[in-house]
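Student: I would like to learn how to read a protein model. Please take me through one, feature by feature.

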Amino acid sequence: MVQQQRDDRIERGSRGGGAERERDNKAEGSGARDDSISDGTETKTETGAAANSTRQRGSGDASASDSAAGADAEPDPLSKGEVFEVLRNQRRRYVLHFLKQDGRPVELGDLAQQLAAWEYETTLDGVTSAQRKRVYTTLQQTHLPKMDEVGILQFDSDRGVIRATDRTRDISVYLEIVPGHEFAWRELYLSLGAIGSALVAALWLGIYPLTMLSDLSWLALVSITVTVTAVVHIYHERHMRLGRGEQPPELSYGPGE
């Protein structure tokens with residue numbers, strides 16, 4: 001009897017221990033699943049963060065590349081109409097002449113002083129405060145912003161500094177100033193062409209005394225005349241270009257000179 005009771009207690013203990021082990025196993029399995037889910041969530045979160053970081057870096061690199069490309073891109077060349085629209089004003093031509101002389105940045109006050117001296121045909125020391133102020137105001141409010149807008153120069157209105165740009169150096173402006181008693185170069189070349197045509201016709205008809213010289217002699221004479229005229233034209237045109245010489249061409253080669 002006693003032995004049977006002891007066996008019953010052992011059997012119940014075994015059953016209780018098995019149930020406890022089963023509960024422990026279930027708990028461990030549930031914990032493992034929770035850890036797995038947690039690890040998966042953390043892995044997905046880390047992967048998403050890395051992807052977002054990569055996309056952000058890629059976007060930043062693309063923006064930097066676009067900015068660098070924009071900075072390196074050269075501006076489109078100005079059309080003749082745009083150049084004429086800006087430089088049809090004498091004061092703006094004076095500004096371009098001054099900048100093309102050396103290309104260094106210049107303060108607005110110094111620029112106004114020099115332009116006033118040119119416009120009033122006096123020296124820098126001879127410019128009055130009223131003359132300087134008049135030029136200074138129109139430069140600041142009208143002319144420099146217009147030239148800055150098309151890129152012919154760079155105007156820092158806050159600091160009052162004007163700088164030359166690539167377009168400043170690229171623009172070559174020749175002024176043809178013709179006093180009332182002189183021919184324009186185009187008219188001179190037209191006259192030479194008409195004289196040459198008349199000479200050819202006279203030689204073909206055998207008109208005396210043109211026939212006293214051979215055709216080759218006349219050809220040489222016409223060739224020398226055209227060549228000398230072209231050389232003089234080139235020499236004259238170099239002095240009519242903005243940025244050459246101390247004074248603008250309009251002052252050096254104006255009417256009556």
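Student: How many helices and strands does the secondary structure of the protein come to?

Tutor: Helices (H or I, at least four residues) and strands (E, at least two) are DSSP runs, numbered from the N terminus. Here there are 9 helices and 3 strands. Along the sequence they follow the pattern α-α-α-β-α-α-β-β-α-α-α-α. Before going on, note that this is a predicted model, in which local features need pLDDT of at least 70 and side-chain atom pairs count only at pLDDT 80 or more, while totals for chains, interfaces and linings use all residues. Residues are numbered from 1 along each chain as its sequence is written, and side-chain values use heavy atoms, with hydrogens and water left out.

Student: In what order do the 3 strands stand in the sheet?

Tutor: Strands of a sheet pair through backbone hydrogen bonds, either parallel or antiparallel. Two strands count as paired if DSSP finds at least two bridges between them. In this model the sheet is open, its order is S1-S3-S2, and the pairing is antiparallel. S1 and S2 are the edge strands, each pairing on one side only.

Student: Which residues face each other across the strands?

Tutor: Take S2 (residues 153-156) and S3 (residues 161-164), which pair over 4 bridges in the antiparallel sense. Leu153 is opposite Ala164 of S3, Gln154 is opposite Arg163, and Asp156 is opposite Val161. On S1 (residues 106-107), 2 bridges lead to S3, again antiparallel. Val106 of S1 has Ile162 as its bridge partner in S3.

Student: Which residues of S2 are on the covered face, and which on the uncovered one?

Tutor: In a regular strand the side chains alternate between the two faces of the sheet. In S2, Leu153 and Phe155 make up the covered face, whereas Gln154 and Asp156 make up the uncovered one.

Student: What packs on the sheet?

Tutor: Contact means heavy atoms within 4.5 Å. Axes are lines fitted to C-alpha atoms, for helices over the stretch in contact, and angles run from 0 to 180 degrees between N-to-C directions. Helix H5 packs on the sheet and touches S2 and S3, its direction making about 135 degrees with that of S2.

Student: Which backbone angles should I look at?

Tutor: Start with the hairpin of S2 and S3, where 4 residues lie between the strands and Gly160 has a positive phi near 70 degrees. Glu121 also has a positive phi, about 50 degrees, although it is not a glycine. Glu121 belongs to the loop between helix H4 (108-119) and helix H5 (129-149). The peptide bond from Tyr208 to Pro209 is cis, with omega near 10 degrees. Pro209 sits in the loop between helix H7 (185-205) and helix H8 (215-238).

Student: Is Glu121 buried or exposed?

Tutor: Buried means under 20% relative accessible area, exposed over 50%, and partly exposed in between (1.4 Å probe, protein chains only). Glu121 is exposed, at a relative accessible area of 68%. In the whole protein, buried residues make up 25% of the 257 residues.

Student: How do helices H2 and H3 pack?

Tutor: Angles under 35 degrees count as roughly parallel, over 145 as roughly antiparallel, 65 to 115 as roughly perpendicular and the rest as oblique. H2 (residues 80-87) and H3 (residues 90-102) meet at about 105 degrees, with their axes 7 Å apart, and are therefore roughly perpendicular to each other. Glu85, Val86 and Leu87 of H2 make the contact with Arg92, Arg93 and Leu96 of H3. By class, the residues of this contact are 3 nonpolar, no polar and 3 charged. Ala, Val, Leu, Ile, Met, Phe, Trp, Tyr, Cys and Pro count as nonpolar, Asp, Glu, Lys and Arg as charged, and the others, Gly among them, as polar.

Student: What does Leu87 touch?

Tutor: Not counting residues up to four places away in sequence, Leu87 touches Arg92, Arg93, Leu96, Met147 and Val173. Leu87 is buried, with a relative accessible area of 6%. Leu87 and Val173 are 86 residues apart in sequence but 9.0 Å apart in space, C-alpha to C-alpha.
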